[in-house]
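Biologist: Could you take me closely through the salt bridges of this model, saying which residues pair and how buried or exposed each partner is?

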Amino acid sequence: RLISPRNKEYLIVLIIFFIIARLVIGELLLSDGTIGLFHDWYIGPYPEMMNQYSERGIYSWDSQKGNVPFSVDWIMRVMSIPFGFLGGEGYSKAIIILASTLSGFTSYLLSRTLGLKSYVGLLVGAIYIFSPIFFTRVIAGYTYYLIGYALAPAILASYLKGYDKGNRKMFLIAGLLMSVAIIQLQFLIMIPIILLVFCIIRHEEIRVGIIGLGTLLGTCFFITLFPVILPQIIYPPQIDTFSSSEIYGELKELPVASQLIESFRMLGYGVHPYSYLNLGSAMDYVNQNKEIIPQWVFYVDFIIPIAGFSTLLFRRDKYTLSFAIIALIGLFLVKGPNPPFPDFFHKFFSTGLILFREVWHSIFLYGFAITFLIGLLLNEFSSKIKQAYSPQTILKYSAIFSLALLVAISNGYPLLLGNFAGYAQTFKFPPATKAIYDRYAFNDTFNTLILPIFEPIK
């Protein structure tokens, strides 16, 4: 047999999530131009821009550039080198399809590692994609965050396999995946938090967990951070230092967060006009978005956290307890300086978590945990079905799929509207702009290109 049953299963699942990803990106895939010109979208339209972006990853290894602050995204840049020919138009669309397909597929892998049934794993993957987190990160152009979001389930799945089977190769694989995920630096903190919670809950095997966590982080450090830090040790950079409290005071968005009840429902981050809280309101940039989200969605979204935490009513094991604790940690962080315990939050962030920059980044911990708690709940309901064919069986299966569908719709309603509720758009410069770029961008005398400012969102 050329393909084993397990690999055949994975191939079918991958195709299913690719189809879902295609539906999510909608008409943007075939629209003319590059996605961007809004918020932090950074992808330029020309192949030369892509090549320049990719090739800079190689310079992280250049010892002659030790005084330059390097970023840990060199691995992502190097991986992009073969795809420079796509230009911004192909790359900006491909990255969304890749992130959404991987998000669903890796969620399925983790679901199967947790012992969930295959169809429940498919439902969990769909819920993980149809999320306010995925929606807002696409709109903001946080493609690095999307990659970390997509790889996180695979990292936990590999870690758990290494934990359960004592296979250190799985810890190495988890470290390799994490070296890519931390191109968005917040995941350098959030993923170890997840793994540490699982390690502590399984305290009777904590030695294996600590060894695995050390192996994972050591592998990640060696692959990603070592070539960045080494040149700076040889050529120490001369930079001004600031205390974390001074930086905290300068970050205007960090102390702003949703209230606890809004955070509980994952409604969004009020500072952003494309937050679920603001879509269709006066804060919305897109005029035609008035009342784009029906009011019933804001009532149904209570189902998401209630369904997640209610899993503890049916089972309390190492998995449910771990995810519940992770969800509570994420909920505390994402509610920011709002009650309860605002003083503790300020102290917590000003002494160690400055790199989050804005509170909404920590929503990953909460959304990640709630998603898999819901998966465990659906699997628990599924295990109650004894008979293969009967009216009661059909009714129970219908209830499971209805709950999953309701969660996905209330959680990711804007993703069903097409074109990401009007916030994702493409742009294309006239041919004359390319001529100007070719003339000045690589000219030894001129290295600055000034383009006219215009409002991208109509």
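Modeller: What follows looks at the charged pairs one at a time, after a short view of the whole chain.

This is a predicted model, and its protein chain holds 19 helices and two strands. Buried residues account for 53% of the 458 residues, and of the contacts between residues at least 6 apart in sequence, 78% join residues at least 24 apart. The chain exposes about 21,500 Å², of which carbon and sulfur atoms supply 65%.

As background to the pairs, side chains of opposite charge can pair when their charged atoms come close. A search of the whole structure finds six salt bridges, and three of them are described here, including one between Asp 32 and Lys 428, whose closest N and O atoms are 3.2 Å apart. That pair links distant parts of the chain, since Asp 32 sits in the loop between helix H1 (5–25) and strand E1 (34–35), while Lys 428 sits in the loop between strand E2 (426–427) and helix H19 (431–440), 396 residues apart. As for cover, Asp 32 is partly exposed, with a relative accessible area of 48%, whereas Lys 428 counts as exposed because its relative accessibility is 56% and the cut-off for exposed is over 50%.

Another salt bridge joins Arg 202 to Asp 164, with the closest N and O atoms 2.5 Å apart. Here too the pair links distant parts of the chain: Arg 202 belongs to the loop between helix H9 (187–201) and helix H10 (206–234), and Asp 164 to helix H7 (residues 143–165), 38 residues apart. Arg 202 has a relative accessibility of 2% and therefore counts as buried, the cut-off for that class being under 20%, while Asp 164, at a relative accessible area of 39%, is partly exposed.

The remaining pair to be described is Asp 317 with Arg 315, where the closest N and O atoms are 2.4 Å apart. Asp 317 is partly exposed, with a relative accessible area of 24%, whereas Arg 315 counts as buried because its relative accessibility is 17%.

Taking the partners by class, Arg 202 is buried and so is Arg 315, each facing a partly exposed acid, namely Asp 164 and Asp 317 respectively, whereas the pair of Asp 32 and Lys 428 sets a partly exposed residue against an exposed one.

Methods:
Residues numbered from 1 in each chain as written. Predicted model: local features only at pLDDT ≥ 70, side-chain atom pairs only at ≥ 80, totals over all residues. Heavy atoms only, no water. Helix = DSSP H or I, 4+ residues; strand = E, 2+ residues; numbered from the N terminus. Buried < 20%, exposed > 50% of the residue type's maximum accessible area, 1.4 Å probe, protein only. Contact = heavy atoms within 4.5 Å. Areas by Shrake-Rupley, 256 points an atom, 1.4 Å probe, with all protein chains shown as cover. Salt bridge = Lys/Arg side-chain N within 4 Å of Asp/Glu carboxyl O.
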